[in-house]
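Open the model in your viewer and keep the selection box handy. Each stop gives a selection and then what is there.

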Amino acid sequence: MNNIELIERFESFTTAVTKAYKCIQKLKFAEAERMGFKASHVMYMYYLGKNPDGLTAKELSKVCMEDKAAVSRTIVDLTEKGFVKLNETDSERKYRTKIMLTPEGSEKNKQLNEAIAMAVSKASSDLNEADREIFYRVFFDITDNLETICDSYLQDK
């Protein structure tokens, strides 16, 4: 494959990924607003709902791909809204404190999961299961390769 074809492939790929990302952000914004929180809170609510025993701020930082300051601000917001609580079993080790959904947060998470399921179902309605499996396998291969490239750039600097 020559450079022109590779550059065209780059353009197509980045345009498609950007378009998908922007649509996902619009959906997050609309659903979050409907439920009384911010679009930036969606993934926190999602992962906390997936982990009923709670997650630490460090764990949330990793799964949500956010820095510690963003996690801290979000947890303050979600706590003030009554959607999460801190499970302080060891006050000496605040960094190990588990953050958990409250009953109200669990209800919001249930609504969020319903919205996610509907969006995923509609977005992939034209795909059969074999195509869906191939898409995810290939997409994850590409993202893993991109992550490796990024890591090598960081090591070189």
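The tour below goes from a helix pair to single residues and ends at a pocket. Keep in mind throughout that this is a predicted model.

**Stop 1: helix 2 and helix 5**

Select residues 42-50, which form helix 2, and residues 103-123, which form helix 5. How far apart are their axes, and at what angle do the helices pack? The axes are 9 Å apart, and the packing angle is about 105°. Angles of 65 to 115 degrees count as roughly perpendicular, so helix 2 is roughly perpendicular to helix 5.

Now show side chains at the contact. Helix 2 brings Val42, Met45, Tyr46 and Gly49. Helix 5 answers with Gly105, Lys108, Asn109, Leu112, Asn113 and Ile116. Colour this contact by class: five of its residues are nonpolar, four are polar and one is charged.

**Stop 2: Asn109**

Stay on helix 5 and pick Asn109. Is Asn109 buried or exposed? Its relative accessibility is 6%, so Asn109 counts as buried. Leave out residues up to four places away in sequence, and Asn109 touches Met45, Tyr46, Gly49 and Leu101. Met45, Tyr46 and Gly49 also belong to the helix 2 side of the contact at the previous stop.

**Stop 3: the buried side of helix 2**

Go back to helix 2 and select Val42, Tyr44, Met45, Tyr47 and Leu48. These are the buried residues of the helix. Which elements do they pack against? The list has helix 1, helix 3, helix 4 and helix 5, plus strand 1 (84-87) and strand 2 (98-101).

Zoom in on Tyr47, in helix 2. Set aside its neighbours within four places in sequence, and Tyr47 is in contact with Leu55, Leu60, Val63 and Cys64. Then draw a distance from Tyr47 to Leu101. These two are 54 residues apart along the chain, and their C-alpha atoms are separated by 9.9 Å.

**Stop 4: Leu101**

That distance line ends on Leu101, in strand 2. Leu101 has 13% relative accessibility and therefore counts as buried. What does Leu101 touch, not counting residues up to four places away in sequence? On helix 2, look for Met45, Leu48 and Gly49. Then show Phe83, Val84, Lys85, Ser106 and Asn109, which Leu101 also touches. For Lys85, add a C-alpha to C-alpha distance: Leu101 and Lys85 are 16 residues apart in sequence and 6.3 Å apart in space.

**Stop 5: the loop between helix 1 and helix 2**

Select Ser40 and His41. Ser40 is found in the loop between helix 1 and helix 2, and His41 has its place in that loop too. Compare their accessibility. His41 is at 1%, so His41 counts as buried. Ser40 is at 47%, so Ser40 counts as partly exposed.

With residues up to four places away in sequence not counted, His41 touches Thr74, Asp77 and Leu78. From Ser40, draw a line to Glu88. The pair is 48 residues apart in sequence and 25 Å apart in space, C-alpha to C-alpha.

**Stop 6: Met65**

Move to the loop between helix 3 and helix 4 and pick Met65. Check the backbone torsions here. Most residues other than glycine have a negative phi. Phi of Met65 is near 55°, a positive value in a residue other than glycine. Met65 has 74% relative accessibility, so Met65 counts as exposed.

**Stop 7: the largest pocket**

Last, turn on a surface and find the largest pocket. Start from Ala20, Tyr21, Ile24, Lys28 and Met43, which lie nearest its centre. The volume of this pocket is about 2,100 Å³. How many residues line the largest pocket? There are 46.

Colour the lining by element. At least two residues each come from helix 1 (3-35), helix 2, helix 3 (57-64), helix 4 (68-80), helix 5 and helix 6 (129-156). Helix 1 supplies the largest share, 11 residues. Then recolour by class: the lining of the largest pocket has 30 nonpolar, six polar and 10 charged residues.

Key: Residues are numbered from 1 along each chain as its sequence is written. This is a predicted model: local features need pLDDT of at least 70, side-chain atom pairs count only at pLDDT 80 or more; totals for chains, interfaces and linings use all residues. Side-chain values use heavy atoms; hydrogens and water are left out. Axes are lines fitted to C-alpha atoms, for helices over the stretch in contact, and angles run from 0 to 180 degrees between N-to-C directions. Helices (H or I, at least four residues) and strands (E, at least two) are DSSP runs, numbered from the N terminus. Angles under 35 degrees count as roughly parallel, over 145 as roughly antiparallel, 65 to 115 as roughly perpendicular and the rest as oblique. Contact means heavy atoms within 4.5 Å. Ala, Val, Leu, Ile, Met, Phe, Trp, Tyr, Cys and Pro count as nonpolar, Asp, Glu, Lys and Arg as charged, and the others, Gly among them, as polar. On a 1 Å grid over the protein atoms alone, a cavity is a set of points where a 1.4 Å probe fits but cannot get out, and a pocket is an open set with protein on both sides within 12 Å along at least five of seven lines; lining residues have an atom within 4 Å of a point. Grid points are joined across faces, edges and corners, and a volume is the space filled by probe spheres set on the points. Buried means under 20% relative accessible area, exposed over 50%, partly exposed in between (1.4 Å probe, protein chains only).
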